[in-house]
Amino acid sequence: MSCTSSTTSVSDPDQPKDDPSRLQLQRPRLGSRKSSGTIIIPRESEQVELKEEEYDDGDARTMSPRRSSEEIEKMGHEARQALIEQAKALQASLLEIVDRVEIVKTEHEKLEGGNKFLQSYIGELMQTSKITSAGAAKGTKGKGRGRAIK
């Protein structure tokens with residue numbers, strides 16, 4: 001049982017695109033639409049009306065963030081002072097870092113000297129132990145041969 005309806009939905013994918021009922025619901029073609037024209041109007045245009053308005057002191061438009069030259073000079077002086085203080089703090093921290101590097105460098109040199117001393121001491125002990133073990137081995141070899149049973 002199939003039922004056909006004379007009204008069809010616009011989003012019906014089964015309906016062909018050339019269907020006249022569908023064309024009525026679409027936007028008109030570009031050529032048939034009227035242009036809205038340009039939105040940007042040049043300043044020199046006769047349609048532009050520039051009004052010079054006067055505002056009283058209580059109006060929010062008169063409360064601009066503009067500052068006087070004294071305020072700007074004061075702000076510049078404060079900014080310079082802040083930069084000078086920051087530079088001094090950075091120099092002090094740099095000097096502390098340099099001092100710490102010097103301390104670590106001297107500790108490293110002490111440890112390196114101790115390491116070289118220990119290496120030479122261990123090397124001398126190894127030489128001494130080779131000499132002693134070689135002398136002891138020669139003495140045991142001779143005794144072992146004399147007791148060999150034939």
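Buried residues account for 1% of the 150 residues in the protein chain. The model is a predicted one. The protein chain exposes about 15,200 Å². Carbon and sulfur atoms supply 57% of that area. In secondary structure, the protein chain holds two helices and zero strands. Helix 2 spans residues 69-146.

One nonpolar patch was identified on the surface, with an area of about 630 Å². Its members are F117, L118, Y121, I122, L125 and M126. Three of these residues were examined individually. F117 has a relative accessibility of 55% and therefore counts as exposed, since the class begins over 50%. Y121 has 43% relative accessibility, so Y121 counts as partly exposed. L125, located in helix 2, has a value of 44% and is likewise classed as partly exposed. Each patch member has over 30% relative accessible area, because this is a condition for entering a patch.

The nonpolar patch also contains both partners of an aromatic contact, F117 and Y121. A pair of aromatic rings is described by the distance of the centres and the angle of the planes. The count comes to one aromatic pair. In this pair, the ring centres of F117 and Y121 are 6.4 Å apart. That distance falls within the 6.5 Å limit for pairing. The ring planes meet at 15°, so the pair is stacked, because planes under 30 degrees apart fall in that class. Both residues belong to helix 2. F117 and Y121 are four residues apart, which corresponds to about one turn of the helix.

A charged patch was found as well. E96, D99, E102, E109 and E112 form a negative surface patch. None of these residues takes part in a salt bridge, because patches are made of residues with no salt bridge. Among them, E109 lies in helix 2. The relative accessibility of E109 is 47%, so E109 counts as partly exposed. Helix 2 thus carries E109 of the negative patch together with F117 and Y121 of the stacked pair.

Notes
Residues are numbered from 1 along each chain as its sequence is written. This is a predicted model: local features need pLDDT of at least 70, side-chain atom pairs count only at pLDDT 80 or more; totals for chains, interfaces and linings use all residues. Side-chain values use heavy atoms; hydrogens and water are left out. Patches are made of residues with over 30% relative accessible area and no salt bridge: like charges are joined within 9 Å, nonpolar side chains (Val, Leu, Ile, Met, Phe, Trp, Tyr) within 5 Å. Accessible areas come from the Shrake-Rupley method with a 1.4 Å probe; for residues, only the protein chains shown count as cover. A salt bridge is a side-chain nitrogen of Lys or Arg within 4 Å of a carboxyl oxygen of Asp or Glu. Buried means under 20% relative accessible area, exposed over 50%, partly exposed in between (1.4 Å probe, protein chains only). Rings of Phe, Tyr and Trp (its six-membered ring) pair if their centres lie within 6.5 Å; planes under 30 degrees apart count as stacked, over 60 as edge-to-face and the rest as tilted. Lys and Arg count as positive and Asp and Glu as negative; His and the chain ends are not counted. The place of a charge is taken as NZ of Lys, CZ of Arg, CG of Asp or CD of Glu.
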